[in-house]
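Please open the model in your viewer and keep the selection panel at hand. The tour starts at a metal site and then widens to the chain as a whole.

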Amino acid sequence: MKILLIDDEPFALKLLSRQFATLGFENVTLCGGGHDALSLLESGADGIDLIFCDLQMPEMDGVEFVRHLVRIGYSGGLVLVSGEDGRILQTVERLAKAHQLHVLGTLQKPVSSVELGQLLECKLPNAAEPFQPVRKTYAPDELLWAIAEGQLINYYQPKVDLASGVVTGVEALVRWQHPDDGLIFPDQFLSTAEEHDLIDDLTKTVLASALYQARLWRDAGLSLQMAINISMENLDALNFPDYIARLVEKAGIPLTSVLLEVTEIGLMKNPLASLDILTRLRLKHIFLSIDDFGSRHASLTQLRSIPFDELKINRTFVHGAGRDASISAIYMASLELARQLGMKTVAEGVEDRHDWDFVRASGCDLAQGYFIAKPMPAADMIGWMADWEDRQRDLFVYSDVLSAHNKWA
Ligand code: C2E
Ligand code: CA
C-alpha cells in the first residue's frame, strides 16, 4: 500500500509519518503542498493507493486539491485531515464524495494514533469489505443475466439490542458475486437496476434468499428478525403486500419476523399508491423501517403519515456523534422525534468503541455497524454470534461500571 501525506506544516507531516511507521506502514511519501503532490500523481511514477490531505494549505487548499483529484481521475482512497471546525471537514468530505472520490474518512488534527489506527483497520483491504479503487459500471443486460444465473447473493449484518446485547435481527444486503470481478457492492449496480426496470427482479431474488435463510436460522433455534431493503420503485404495484405476505407464509416464518427498510420516501412517484401499499403491509403485521433517516429525502410530514415502526438514524449522524456537537445535535433530535412518534430507534454506522458507548448512553434501542459486525455471508453468522457472546463481557460490564461511577461525579 503506497500512501501519500500532504501538509504544509513540516511538524505535522513528521508526526503523521511516525504514526504510520508505528502502525507498520512503510511505503509513505511526504509532500509539503498540493502542487508537488499533483506533479507526483500526474507523473504516474508512483501508483498511490491512499492520500491523507490537510485542508488548510496556503498554496492550494483542500477543496482545490479535491477538484484537481477529480480532474486527473484519481481512483485511490482519500482521507481529509484538518484542525478546523469539524463541520468544515464534513462539508469537504461531502463535496469529495459527491465528486465520486473514494473518501475513507476524516481526521481532526492533531491526529490521534488510536483514531488513525481505527480508520485504517476499518477501511483497508484486509477488512471484510474490500477496498475498491476502480469503480466499474455494468450494463443492464449483464445485470439481468446475473439475476437469472443466481449471481446475486445476500450478506447479513446483525442488529443488536443496546440494553441487553441480544442480537435481535439481521439486515440482508445484496452483493453480486461476479465471475470475473469478484464481490461487487450494491452502489455499483442498484441504480442500473432502478433505471432499467430490473429492481423488482432484484428485490424478488433478495427476498427469496432472505426468507429462506430466516427459515433455516429459525429451524436452528435462532429467531432473528429479517430486514430487507425495499426500493421506492418496488412500491408502485398495489398487490406488493399480498405478494410479500404469500412469500413469507410459504417460507413458514411469522409475518412479524419480517421488516422492510424503505429509503427515499420523499421521492414517491405516486404517493397515494405508496401509502396504500405501506399501510397494507402494516395491516398484515410486516414491520416497516424508515432507512437512512436524516440523509435522504424523508420529510417530517411523511414520517407522520406513514405507519413506520422503526427509524434508522443515518450513519453520518452516528459515527463521531460523541465528539462533535453538531452531529450529536442532529442525532439526539432524530432519536427524540422517533420516541415521540412511538418508533423503535436504530443507530447505523457504529464504527468504534466511542460510538458504541455514545449510542448506549443515549438510550437508543438498537445498533448496527462495523464495530459490532460487518455484513457477512450467512454461513459466518453462527461463528460470529459465539464471538459476540465473548465480547459482551467487556462491552457491557465496563461501560456499566463507568456509568455507575458517573452517577456520583
Ligand atoms: P443501507 O440500507 O443504508 O445499508 C447500510 C450500508 O452501510 C451497507 O452498505 C453496509 O455495509 C454499510 N455499513 C454498515 N455498517 C457500517 C459502518 O459501521 N460504517 C460504514 N461506513 N458503513 C456501514 P452496502 O451493503 O454497500 O449497501 C449500500 C446500500 O445499498 C444500502 O444502504 C441500501 O440502501 C442498498 N441496498 C443494499 N442491499 C439492497 C437490496 O437488497 N435492495 C435494495 N433496494 N437496496 C439495497
Ligand atoms: Ca438499510
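Select the calcium ion (ligand 2) in this predicted model: the angles among its six donor atoms run from 43 to 175 degrees, and the site is irregular. Six donors would count as octahedral if opposite donors were over 155 degrees apart and all others between 65 and 115. Donors here are N, O and S atoms within 2.8 Å of the metal (3.2 Å for Na, K and Ca), and water is not among the atoms, so the site may look incomplete.

Next, show the protein donors, which are Glu-171 (OE), Asn-229 (OD1), Glu-261 (OE) and Asp-291, the last listed with OD twice, at 2.2 to 3.2 Å from the ion. Along the chain these donors follow the spacing E-x57-N-x31-E-x29-D. Colour strand E7 (residues 167–178), which holds Glu-171, and strand E11 (residues 287–293), which holds Asp-291, so that you can see how the pair ties together parts 120 residues apart in sequence; strands are DSSP runs (E, at least two residues), numbered from the N terminus.

Now colour by accessibility, where buried means under 20% relative accessible area with a 1.4 Å probe and protein chains only. Glu-171 is buried at 5%, and Asp-291 is buried at 6%.

Finally, zoom out to the whole chain, of whose 409 residues 50% count as buried. Its C-alpha atoms fill a box of roughly 65 × 65 × 40 Å along the principal axes.

Residues are numbered from 1 along each chain as its sequence is written, and chains are lettered from A and ligands numbered from 1 in the order written. Local features need pLDDT of at least 70, side-chain atom pairs count only at pLDDT 80 or more, and totals for chains, interfaces and linings use all residues, while side-chain values use heavy atoms, with hydrogens and water left out.

Terms used. Tetrahedral: all angles 85-135°; square planar, octahedral: opposite > 155°, others 65-115°. Helix = DSSP H or I, 4+ residues; strand = E, 2+ residues; numbered from the N terminus.
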